[in-house]
Amino acid sequence: MGRLVVVSNRTGDLGTKTQTGGLAVGIVDALKSSGGMWMGWNGEVVDKPETSNAQLTTHGNVTSLTVSLSEQEHENYYLGFANKVLWPSFHYRLDLMDYRTEFAKHYAAVNRRFADTIHSHLRNDDLIWVHDYHLIPFASELRRRGSAHKIGFFLHIPFPSVDVFSAVPRHGWLRECLLQYDLIGFQTKNDVQNFCRYLKEHSKAKFLSPNLIRWQGRTISIGDFPIGVDAGQFSAMAHERDEGIELERMRRSLLKRFQVISADRLDYSKGLPQRMKAFRKFLDSYPEYLGRAEYLQIASPSREDVTAYADIRAELEQLTGAVNGKYADFNWAPIQYINRSIEREKLALLFRCSLIGLITPLRDGMNLVAKEYIAAQDAEDPGILILSKFAGAAEQLNDALIVNPYDINEVAQAIRRAATMSMEERRARHRNLLSQISEYDVQRWQNEYLAALRAVQTVAPQSMRS
Ligand code: ADQ
């Protein structure tokens with residue numbers, strides 16, 4: 001079996017034992033089991049990055065290959081095309097899209113530089129797995145250099161409907177780039193459908209079967225591979241002994257006080273203002289919960305150089321102030337808002353002691369927080385997940401209370417329903433949700449994706465270094 005080569009915008013830290021996110025854990029495991037290489041940006045912005053300045057570091061059987069970006073590349077490729085064009089449009093926010101020709105130019109150029117950097121390190125039988133919207137043209141750049149490798153792409157964010165995708169400038173070029181992969185993987189069946197519909201309307205690709213197409217002499221597979229979490233590991237973290245948790249449980253059973261929790265990157269796609277308004281509506285409608293229900297929002301700063309992100313931050317601060325100003329008492333405040341990233345161990349404990357996980361993105365590829373929240377619960381006294389129908393996770397997690405995040409009343413009602421739900425119903429729902437996330441965990445995600453990539457039929461490889 002050949003090596004695995006992973007390419008993503010940022011590389012994970014191969015040196016540390018505990019990876020911060022579920023995604024990094026999945027990738028590191030896959031890399032270690034077959035040996036391989038992980039390539040990406042090292043997070044540094046320098047004056048003049050050169051291909052020859054790439055850094056190689058080895059950890060056991062895995063090598064990391066990283067490059068820096070120039071100020072211009074960072075501005076146009078990363079903040080520009082990736083995060084002002086692709087991110088907003090793929091999350092249905094065409095109103096926030098800001099397209100400039102230099103964004104696309106640098107986006108293509110950085111992908112070219114990534115391909116130049118890795119090309120001489122590749123072996124003939126390497127399996128190449130490319131991640132996410134930053135790197136759509138990567139395969140076409142490698143193909144131009146004669147690569148006949150099996151190259152797979154996985155999109156972590158949603159693939160939008162035909163009308164929305166066809167409004168993205170250069171969508172035809174993006175389509176041609178995607179069709180240079182051998183396997184195109186999405187989070188959900190809905191994403192697969194959107195992509196296939198787009199191909200049927202906007203390309204001459206021939207469908208051999210619902211998920212297999214023929215294009216310019218090549219066969220391309222398309223599939224859904226819902227990403228998961230390591231449920232066992234997250235549950236173990238949530239069940240570490242902690243005095244804060246004991247106290248919270250006492251408050252829940254003796255004082256009938258409870259916590260509603262959300263944790264997200266501070267991103268306009270996550271629906272934070274709508275969620276705060278829903279919590280305010282809940283308090284307005286059911287004043288008996290004043291002094292008893294608390295909403296804890298943990299929002300880690302993200303992409304602060306993009307204006308839309310600064311705007312959402314200001315809006316949230318204003319909303320928190322208004323709700324707390326109206327309702328807070330000397331010993332209780334309705335909203336606790338923490339604008340920073342917190343350690344995973346702490347997050348797991350907080351999830352466990354919260355009666356309600358309120359995860360209501362306006363659009364999300366999957367949303368791992370929803371799955372982590374389920375993993376953290378106690379089987380005997382589990383919390384309830386309220387989940388947006390627009391999170392990819394909703395395709396799998398039918399036993400959550402599924403809501404429309406734009407409907408403030410509906411979300412407020414769901415909070416009320418969760419607050420009064422019987423223990424029997426809570427346990428039954430949690431049992432089903434837990435079995436779902438345990439069965440479709442992060443290990444299964446990478447196994448199934450890589451098995452599908454290995455199974456694709458390609459044209460005969462050209463001679464490369466072996
Ligand atoms: P994200 O948009 O980053 O990921 P998500 O799937 O929720 O969203 O993953 C976030 C990760 O960061 C989770 O592991 C979570 O625990 C952690 N996290 C969130 N807020 C935090 C905080 N304040 N402090 C510390 N940790 C925090 C993208 C897509 C998603 C898709 C993933 C994986 O947008 O839809 O699920 O990739 O494919």
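Student: Which residues are closest to the ligand, and how many residues surround it?

Tutor: Happy to start there, keeping in mind that this is a predicted model. Helix H1 (22–34), strand E11 (258–265), strand E12 (293–300) and helix H13 (368–376) each give two or more residues to the shell around the ligand. In total 22 residues surround the ligand, and the closest are His156, Ser300, Gly365, Met366 and Leu368.

Student: Where does the ligand lie with respect to the domains?

Tutor: Let's look at the division of the chain, which gives domain 1 (4–228 + 443–455) and domain 2 (231–439). By class, the shell around the ligand holds 11 nonpolar, seven polar and four charged residues. Both domains give residues to this shell, so the ligand lies between domain 1 and domain 2.

Student: Which helix gives the most to the side of domain 1 that touches domain 2?

Tutor: The C-alpha centres of the two domains lie 31 Å apart, and their contact takes 19 residues from domain 1 and 16 residues from domain 2. On the domain 1 side, helix H2 (71–90) and helix H7 (189–202) each supply at least two residues. That side divides into seven nonpolar, nine polar and three charged residues. The helix that gives the most, with three residues, is H2.

Student: Is H2 roughly parallel or roughly perpendicular to H3?

Tutor: A good one to reason through! The axes of H2 and helix H3 (residues 101–119) come within 8 Å and cross at roughly 110 degrees. Angles of 65 to 115 degrees count as roughly perpendicular. That crossing therefore makes H2, relative to H3, roughly perpendicular.

Student: How do the residues of the contact of H2 with H3 divide by class?

Tutor: From H2, the residues that meet H3 include Tyr77, Phe81 and Val85. On the H3 side, Phe103, Tyr107 and Val110 are among those in the contact. The division is eight nonpolar, four polar and three charged.

Student: Which strands stand at the edges of the open sheet of six strands?

Tutor: The order in this sheet is E13-E12-E11-E14-E15-E16, with parallel pairing. Neighbouring strands are turned by 20 degrees against each other on average, direction ignored. A strand with a single partner has one side left without a neighbour in the sheet, so the edges belong to strand E13 (335–338) and strand E16 (401–403).

Student: And which residue is the bridge partner of isoleucine 261 in E14?

Tutor: Strand E14 covers residues 356–359 and runs parallel to E11. Two bridges join E11 to E14. For isoleucine 261, the bridge partner in E14 is glycine 357.

Definitions and conventions:
Residues are numbered from 1 along each chain as its sequence is written. This is a predicted model: local features need pLDDT of at least 70, side-chain atom pairs count only at pLDDT 80 or more; totals for chains, interfaces and linings use all residues. Domain bounds come from an automatic or database domain assignment. Two residues are in contact if their C-beta atoms, placed from the backbone, lie within 7 Å. Helices (H or I, at least four residues) and strands (E, at least two) are DSSP runs, numbered from the N terminus. Ala, Val, Leu, Ile, Met, Phe, Trp, Tyr, Cys and Pro count as nonpolar, Asp, Glu, Lys and Arg as charged, and the others, Gly among them, as polar. A residue is near a molecule or strand if its C-beta atom, placed from the backbone, lies within 6 Å of it. Two strands pair if DSSP finds at least two bridges between them. Axes are lines fitted to C-alpha atoms, for helices over the stretch in contact, and angles run from 0 to 180 degrees between N-to-C directions. Angles under 35 degrees count as roughly parallel, over 145 as roughly antiparallel, 65 to 115 as roughly perpendicular and the rest as oblique.
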